[in-house]
Amino acid sequence: MRVASEPDDAFKRELSRRDVLRTSGISLGAIALSGLLNRSSSAARQPLVPATARSVIYLHMIGAPSQLDLFDDKPELRSRDGEPCPESLLAGKRFAFIGNEHVLAGSPFQFRQCGESGHSLSELWPHLRQVADRLCVIHSLHTEEINHAPAQMFLHTGFGRGGRPSFGAWVDYGLGAETEDLPAYVVLQSGPLGGAGTTLWSSGFLPTVHQGVALRNAGDPVLFLSNPPEQSNSDRRRLLDATAALNRLRLAATGDDEIATRIEQYELAYRMQRAVPELADLGDETRETLDLYGVESEKPSFARNCLLARRLVER
């Protein structure tokens, strides 16, 4: 827009909207700054939808048996085991990592309908069959992704390509957070990273405050959580204060949501210095509890991560 400071055209100058926000006497930049900081804060964010769930623990079992051997009985496929794949299923399709010979493979395991719900469970689940009515099994999900990375991305985001928020990010976005000292969305990795990599816990196009934070099995649970040698907590506090002051100046000038997120993430990391070591210390767990989970001392394991997941939701 154009603002004339003097009647004479020689004194006219152009001001952008950003200039007006930055220099306005009513301090619109400060108003924007306050709103962005409040909106991005991970501390006790209020849910956007009525929350009937307090927490979610999700196990992504990369390398687990196929659903065709566990939950999804295919009697006709079993009856056709070893037969050539019908051409009608192959027409116009290209499959990576599969040779020229396509043979049908039915499950070798027997299934039985269990409980009042009638869930069809394989013989591989002798104990799970006893609690079949406590399960919710979704049979309506379909995809044509067959390779590991696209299939994993589809499972977590609903799309076979990157760039979309993971459902963990959506849960955080929708349900908010009750914690001030720990991330609302935490990733505990027990084995090799999946084929889709860190996109499995990406925030996609949502603000990055909703991205998953990975806790490590060895060393600091979070990289750079400990202070460098000869640096105290007060040193780090002064550094954070100075950085935040500069970031706030930039945020007031640009209104960039990601700067507000970065300020809050720095503060969260500072609070995590106290909360995360206490979380990861299993010294207050009884021997009986450790044995029930299958935890062996401080050795990294899937069992240990299951126990950490329980400790996380308790906090």
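## Reading pockets, helices and burial

Tutor: Let's begin with an open space: the second largest pocket has a volume of about 1500 Å³. Its lining takes in 48 residues, and Val-56, Ile-57, Tyr-58, Tyr-185 and Val-186 are the closest to its centre. Keep in mind that this is a predicted model.

Student: How does anyone find empty space in a set of atoms?

Tutor: Rolling a probe the size of a water molecule over the atoms shows where empty space is left. In this structure, such a search gives the pocket of about 1500 Å³ that we started with.

Student: Which element gives the most to the lining of the second largest pocket?

Tutor: That is α10, with 7 residues. Helix α6 and strand β5 also take part, since α6, β5 and α10 each supply at least two residues of this lining.

Student: What classes of residue line the second largest pocket?

Tutor: The count is 30 nonpolar, 12 polar and 6 charged residues.

Student: How many cavities of 30 Å³ or more does the structure hold?

Tutor: There is 1. A cavity differs from a pocket in that the probe fits inside a cavity but cannot get out. Here the largest cavity contains about 50 Å³ of space. Ten residues would be a good number to look for on screen: the lining has 10 residues, and Pro-183, Ala-184, Val-209, Gln-265 and Leu-268 lie nearest the centre of the cavity. Sorted by class, the cavity lining has 6 nonpolar, 3 polar and 1 charged residues.

Student: Let's turn to helices. How many helices and strands does the protein chain have?

Tutor: The chain has 10 helices and 6 strands. A useful way to read a helix is to set its end-to-end reach beside the span expected at 1.5 Å a residue. Take α10, residues 302-314: its 13 residues reach 19 Å from the first C-alpha to the last, close to the expected 18 Å. Helix α7, residues 233-254, has 22 residues and reaches 31 Å, close to the 32 Å expected.

Student: Which residues of α10 are buried?

Tutor: They are Ala-303, Arg-304, Asn-305, Leu-307, Leu-308, Ala-309, Arg-311 and Leu-312. You can then ask what covers them, and the cover includes β5 (186-188), α8 (257-280) and α9 (287-293).

Student: And which residues are buried in α7?

Tutor: In α7 the buried residues are Arg-236, Leu-240, Ala-244, Asn-247, Leu-251 and Ala-253. Look just past the end of this helix too: Gly-255 follows α7 and has a positive phi, near 70°.

Student: What follows α5?

Tutor: Gly-158 follows α5, and its phi is positive, near 85°. Within α5 (residues 148-157), Gln-152, Met-153, Phe-154, His-156 and Thr-157 are buried. These buried residues pack against α6 (167-175).

Student: Is Arg-161 buried or exposed?

Tutor: The idea is to look at relative accessibility: under 20% is buried and over 50% is exposed. Arg-161 counts as exposed because its relative accessibility is 59%. You will find Arg-161 in the loop between α5 and α6. Its C-alpha lies 9.5 Å from that of Thr-199, although Arg-161 and Thr-199 are 38 residues apart in sequence.

Student: Why does Ala-280 count as buried?

Tutor: Its relative accessibility is 17%, so Ala-280 falls on the buried side. Ala-280 lies in helix α8. Follow the chain 25 residues along and you come to Asn-305, with 9.6 Å between the two C-alpha atoms.

Student: Is Leu-292 buried or exposed?

Tutor: Leu-292 counts as exposed because its relative accessibility is 70%. This residue is found in helix α9. The C-alpha atoms of Leu-292 and Ala-303 are 9.3 Å apart, with the two residues 11 apart along the chain.

Student: What share of the residues in the protein chain is buried?

Tutor: Buried residues make up 28% of the 315 residues. For the surface, the chain exposes about 20700 Å², and carbon and sulfur atoms supply 55% of that area.

Student: How do I read contacts across the chain?

Tutor: Ask how far apart in sequence the partners are. Among contacts between residues at least 6 apart in sequence, 61% join residues at least 24 apart.

Methods. Residues numbered from 1 in each chain as written. Predicted model: local features only at pLDDT ≥ 70, side-chain atom pairs only at ≥ 80, totals over all residues. Heavy atoms only, no water. 1 Å grid on protein atoms, 1.4 Å probe; cavity = no way out; pocket = protein on both sides within 12 Å on 5 of 7 lines; lining within 4 Å. Points joined across faces, edges and corners; volume = space filled by probe spheres on them. Nonpolar A, V, L, I, M, F, W, Y, C, P; charged D, E, K, R; others polar. Helix = DSSP H or I, 4+ residues; strand = E, 2+ residues; numbered from the N terminus. Expected span 1.5 Å × (residues − 1). Buried < 20%, exposed > 50% of the residue type's maximum accessible area, 1.4 Å probe, protein only. Contact = heavy atoms within 4.5 Å. Areas by Shrake-Rupley, 256 points an atom, 1.4 Å probe, with all protein chains shown as cover.
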